[in-house]
Amino acid sequence: MSQTDIEIVVDDPTAPEDDSPSIVASGTIEIVVCLLLLALAITLGYDNWRTGASWDATGPEPGYFPFYLSVILGAGSLYGLISAFLARRSSRETFVTHAQARRVMAVFVPTLLFCVVTQFLGLYVASFLLIAGFMRLVGKIALWKSLLTAFVFTAIMFVTFDIAFDVIMPKGPLEAALGR
Amino acid sequence: MEALGLLLHGFAVLLTWKTLVLMMVGLVLGIFVGVLPGLGGPNGVAILLPLTFTMDPTSAIVMLSCIYWGALFGGAITSILFNIPGEAWSVATTFDGYPMAQQGRAAEALTAAFTSSFIGSLVAVLLITFLAPMISSFALKFGPPEFFAVYLLTFCSFVGLGREAKHKTVISMSLGLLLAGIGMDTVSGNLRMTFGSPELLRGINFLVAVIGLFGISEILLTMEERLALRGHAASISLRVVLGVWKDLPKYWVTLLRSSFIGCWLGITPGGAIAASFMGYNLAKRFAKEPESFGKGRIEGVFAPETAAHASGTSALLPMLALGIPGSGTAAILLGGLMVWGLNPGPLLFVEHKDFVWGLIASMYLGNVVGLVLVLTTVPIFASILRVPFAAVAPMIVVSCAIGAYAIQNAMFDIWLMLGFGVVGYVFKKIGIPLAPFTLALVLGNRAEDAFRLSMIGSGGTLKVFWSNGLVGSITTLAILLLFWPAIDSLLGRVGFTHGTRATSA
């Protein structure tokens, strides 16, 4: 049959190397997460206890249900903490390697910046900057392609949400200057 | 036969140009997210959900369910052509699908996958059509204790039957229930766990959490992997399609068996993955020459795809009839329904007949339209993979942010989404399952209300959960399921050995 003459090949030049050294073991992260959850359980448990976690004339007080959930969460994370601690010696599974962390940060940091910019300059400006910047700097795609894609995408979003459907997004000085 | 009349009415509601166009758009978007690396069913629905906020509920849910079908179809494309399962439940499809593509039988494999998905969903939709009204009219008799017992059953079955470490499921679930309680208490009006923050007063919105947990975290996870891929291009000709369809009757046992497995596992939570593997393994076990599986046997595509789709579709049955979603994606659809003020559950069948039957009718139509669409457009969708991820990733981030903001017009929600993105990333990497969290977050307040109302009704004694035969048996079953692993091993020691264990693993 002739349907499979063409092959689709996509390369990933910046792919993380397989032999990249590990930054941190899964077991360590598990311990940290369990500690954080335990702290959360204690904080929420205390708050609910203060709200009232017992019974009054009309039945359970508002804090009753969540208080016991905090106890369950605390118990679960304590169990997780102990079992992760005990398993730490035997298994050294990698949580993330150097190369992987670099790639994850390459998405996370721009996303974080995007949120900051959205707060001050509005979502549409932030969207344009994120797409153009990400394509150019991380994807190494030609500048004109990046700018064009970013502009077209942002414009479509603006027309769809702001003009056609009246869903108002955070806006900044640029939109104000354009009178929207 | 009331159901049939209502269903026909549902079709009448749907057969407008506007709805058909929405269906097509939904399917195309769904296939798009299904094909893209790293995205898939729940992620796609979560990201695209905000697009539907501007529509009326019927159009919106039609589009959402079509996104869901589309994503399911899309997963099969990458499994067969690229050996990349878009979803965990497509893994079994790669066993025979990819070898078929390598042998130049890609078109055949794709046709088989799409057709069997269609059959699986169809069986499940038929089940929904006839069973959902019955269950919901039965559930109309439920009071708060019965409802709480059913919620308890759902939560316990996640803990008892899930394959993750038990304490991780418990952590995930209790965290979800806790976060659901943040904000104003619906019974007393008191503020809980807000720590004086006006932002927390509104509570944590389910959809914001889902967009972060599934959308943002998936982008982070996808970037971690090598995105290079290599696969076959395929176009499907009518001759191949008819050839595969002509042979279908030969495989009726496989198709039927997989459909039943899928429907059964779909109604119980977390079933699609188990269903696809079980469908595959059983087909292999009952085959005349089991060793030919894994080398490009068409039954190896039929069996898992039918089961996965039957299960993915029947997961909507408990959601519609009882308000309890059977899968992560169903939970997100449930969250979507709540945005329009529709409360899934038995009353939905009474109060919003038009909507329910429109939705069920859209399942039939969406499947037919989807089948035709994927069969004709596979080459285009396969080439979506040529679009660089560096262009897709930021667009998905922007869509997620728009979605998170649009729900309550709050900048705080964009930050919350980012936070949940990080949480989702870390949880997935250390094996804390997200499905119980999602379920708990969406059901938390209802479960608590049901518990408190039963307590108020009974004067504070837990005996109310065993006060009659119905609620007593549900509660007992829930507790049995919670301790199922222990009971199972105890039974095993006494001498009941389990043959199904190896196949469902």
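Which residues does B:Ala3 touch, not counting residues up to four places away in sequence? In this predicted model, the residues touched by B:Ala3 are B:Thr129, B:Phe130 and B:Pro133. The points below cover B:Ala3, the side of chain B that touches chain A, and two non-glycine residues with positive phi, A:Lys140 and B:Asn409.

**B:Ala3**
- B:Ala3 belongs to helix 1 of chain B, which spans residues 2–14.
- B:Ala3 counts as partly exposed because it has 15 C-beta neighbours inside 10 Å.
- The C-alpha atoms of B:Ala3 and B:Trp357 are 8.6 Å apart in space, although the two residues are 354 residues apart in sequence.

**Contact between chains A and B**
- On chain B, 67 residues are in contact with 68 residues of chain A.
- Elements of chain B that each supply at least two residues of this side include helix 6 (106–139), helix 8 (166–181), strand 3 (229–232) and helix 21 (435–458).
- Helix 19 of chain B gives the largest share of that side, 11 residues.
- The side of chain B that touches chain A comprises 43 nonpolar, 13 polar and 11 charged residues.

**Positive phi at non-glycine residues**
- A:Lys140 is not a glycine, yet its phi is positive, at about 55°.
- The loop between helix 4 (123–138) and helix 5 (143–164) of chain A holds A:Lys140, and this residue counts as exposed because it has 12 C-beta neighbours inside 10 Å.
- B:Asn409, also not a glycine, has a positive phi of about 50°.
- B:Asn409 sits in the loop between helix 19 and helix 20 of chain B, and B:Asn409 is exposed, with 11 other C-beta atoms within 10 Å.

Notes. Residues numbered from 1 in each chain as written. Chains lettered and ligands numbered in written order. Predicted model: local features only at pLDDT ≥ 70, side-chain atom pairs only at ≥ 80, totals over all residues. Helix = DSSP H or I, 4+ residues; strand = E, 2+ residues; numbered from the N terminus. Buried ≥ 20, exposed ≤ 12 C-beta atoms within 10 Å, placed from the backbone. Contact = placed C-beta atoms within 7 Å. Nonpolar A, V, L, I, M, F, W, Y, C, P; charged D, E, K, R; others polar.
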